[in-house]
Amino acid sequence: MLRRRLTSLLLRSPCSSSVASSYHQQQHHLLLPTHAEKPPALNLLRLFTSLAGTDGDRPFIAFVLGGPGSGKGTQCSRIASDFGFSHVSAGDLLRNEISSGTDQGEWILEIIREGRIVPSEITVELVRKAIESSTAKRVLIDGFPRCEENRIAFEKITGTEPDLVLFFDCPEDEMVKRLLSRNQGRVDDNIETIKKRLKVFESLNLPVVEYYSSRGKAHKINATGTEDEIFEAVRKLFSSLRL
Ligand SMILES: Nc1ncnc2c1ncn2[C@@H]1O[C@H](COP(=O)(O)OP(=O)(O)OP(=O)(O)O)[C@@H](O)[C@H]1O
Ligand SMILES: O=c1ccn([C@@H]2O[C@H](COP(=O)(O)O)[C@@H](O)[C@H]2O)c(=O)[nH]1
Ligand SMILES: [Mg+2]
């Protein structure tokens, strides 16, 4: 039964279909949760009231985007410790699902192994729960949204947009070099999967960055150089924000 549901999700997911699927087609395929106890909008209302600071505002939300190996996770850790952000990594949330040993976890593992994108109804729900369980007033969402369909689902369900989008711009050869020497035992850190992830990044992730650029929300950071050098540029940006 679960298998059947997961298979049908996979078939319906524009993000997990081939890289060749058109960006415009994706925009018209908004996936909505099939299993939510309450309508998503109501759940989200609860999210933003439970995350509220004393003044009742929702948390400050920053999406952190960039190619595989561009240094998102590394820089997010430093932003979190220096600027009091909670760090929500969408990839880590999915890997936790895999560790849980469920059918859904097995299915996610196959998608990650192939460098494709997990359907929004799974990822948005994981990200939502992670934000909800955090008490922070500032949240970094690392590695999400991965495609326009993810973005549209998040914005529709939460009724909100990120306050800021950080984009780590790194040349492909540098990203490949970093991933191949990461040594964390990730199933997707091999050259075959890395090539697929890079294609997905270019065709599906970059349109999200372009969308937020057009809305004046994206800040591009040169992600070459040492971790310290990159963090200097990040620090300047965050220090200039009124958080
Ligand atoms: N500026 C840097 N110079 C050299 N190596 C780096 C730099 N920043 C990060 N690294 C290393 O590169 C690898 C990838 O970094 P990180 O995991 O932060 O990237 P990521 O963007 O989160 O990747 P992914 O999308 O695969 O999760 C790690 O081993 C990290 O230690
Ligand atoms: O929103 C997301 C985030 C991640 N994925 C899948 O996980 C892997 C690894 O993600 P990292 O951010 O690099 O840790 C990614 O290649 C996707 O397969 C996803 O589907 N949706
Ligand atoms: Mg990462």
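By class, the 41 residues that line the largest pocket comprise eleven nonpolar, 18 polar and twelve charged residues. The model is a predicted one, and the space in this pocket amounts to about 880 Å³. Nearest the centre of the pocket lie K72, R146, R182, R186 and R197. Six helices each contribute at least two residues to the lining, namely α4 (72–83), α5 (90–99), α6 (103–113), α9 (172–180), α10 (191–214) and α11 (227–239). Of the lining, α5 supplies the most, with five residues.

Two of the helices that contribute to the lining, α4 and α11, also pack against each other. Their axes come within 10 Å and cross at roughly 45 degrees. Because angles from 35 to 65 degrees fall outside both the roughly parallel and the roughly perpendicular classes, α4 is oblique to α11. The crossing of α4 and α11 is right-handed. On the α4 side, the contact is made by T74, Q75, R78, I79, D82 and F83. These residues meet E227, D228, I230, F231, V234, R235, F238 and S239 of α11. By class, the contact of α4 with α11 consists of six nonpolar, three polar and five charged residues.

Helix α5, the element that gives the most to the pocket lining, packs against α6 and against α7. With α6, the angle is about 130 degrees and the axes are 7 Å apart. The two helices α5 and α6 are therefore oblique to each other, and α5 passes α6 in a left-handed crossing. In this contact, L94, E97 and I98 of α5 meet Q104, G105, I108, L109 and I112 of α6. The residues involved in the contact of α5 with α6 divide into five nonpolar, two polar and one charged.

The second partner, helix α7, spans residues 120–133. The angle between α5 and α7 is about 105 degrees, and their axes are 10 Å apart. An angle of 65 to 115 degrees counts as roughly perpendicular, and α5 and α7 are therefore roughly perpendicular to each other. From α5, the contact involves A90, L93, L94 and E97, and from α7 it involves I122, T123, L126, V127 and A130. Seven nonpolar residues, one polar and one charged make up the contact of α5 with α7. L94 and E97 of α5 take part in the contact with α6 and also in that with α7.

Two features of the backbone were noted in loops. Most residues other than glycine have a negative phi, and most peptide bonds are trans. A cis peptide bond, with omega of about 0 degrees, joins F144 and P145. P145 is located in the loop between β3 (138–142) and α8 (148–158). N183, which is not a glycine, has a positive phi of about 55 degrees. The loop that holds N183 lies between α9 and α10, and both of these helices supply at least two residues to the lining of the largest pocket.

Methods. Residues are numbered from 1 along each chain as its sequence is written. Chains are lettered from A and ligands numbered from 1 in the order in which they are written. This is a predicted model: local features need pLDDT of at least 70, side-chain atom pairs count only at pLDDT 80 or more; totals for chains, interfaces and linings use all residues. Side-chain values use heavy atoms; hydrogens and water are left out. On a 1 Å grid over the protein atoms alone, a cavity is a set of points where a 1.4 Å probe fits but cannot get out, and a pocket is an open set with protein on both sides within 12 Å along at least five of seven lines; lining residues have an atom within 4 Å of a point. Grid points are joined across faces, edges and corners, and a volume is the space filled by probe spheres set on the points. Helices (H or I, at least four residues) and strands (E, at least two) are DSSP runs, numbered from the N terminus. Ala, Val, Leu, Ile, Met, Phe, Trp, Tyr, Cys and Pro count as nonpolar, Asp, Glu, Lys and Arg as charged, and the others, Gly among them, as polar. Axes are lines fitted to C-alpha atoms, for helices over the stretch in contact, and angles run from 0 to 180 degrees between N-to-C directions. Angles under 35 degrees count as roughly parallel, over 145 as roughly antiparallel, 65 to 115 as roughly perpendicular and the rest as oblique. A crossing is left-handed if the near helix is turned anticlockwise from the far one by less than a right angle, and right-handed if clockwise. Contact means heavy atoms within 4.5 Å.
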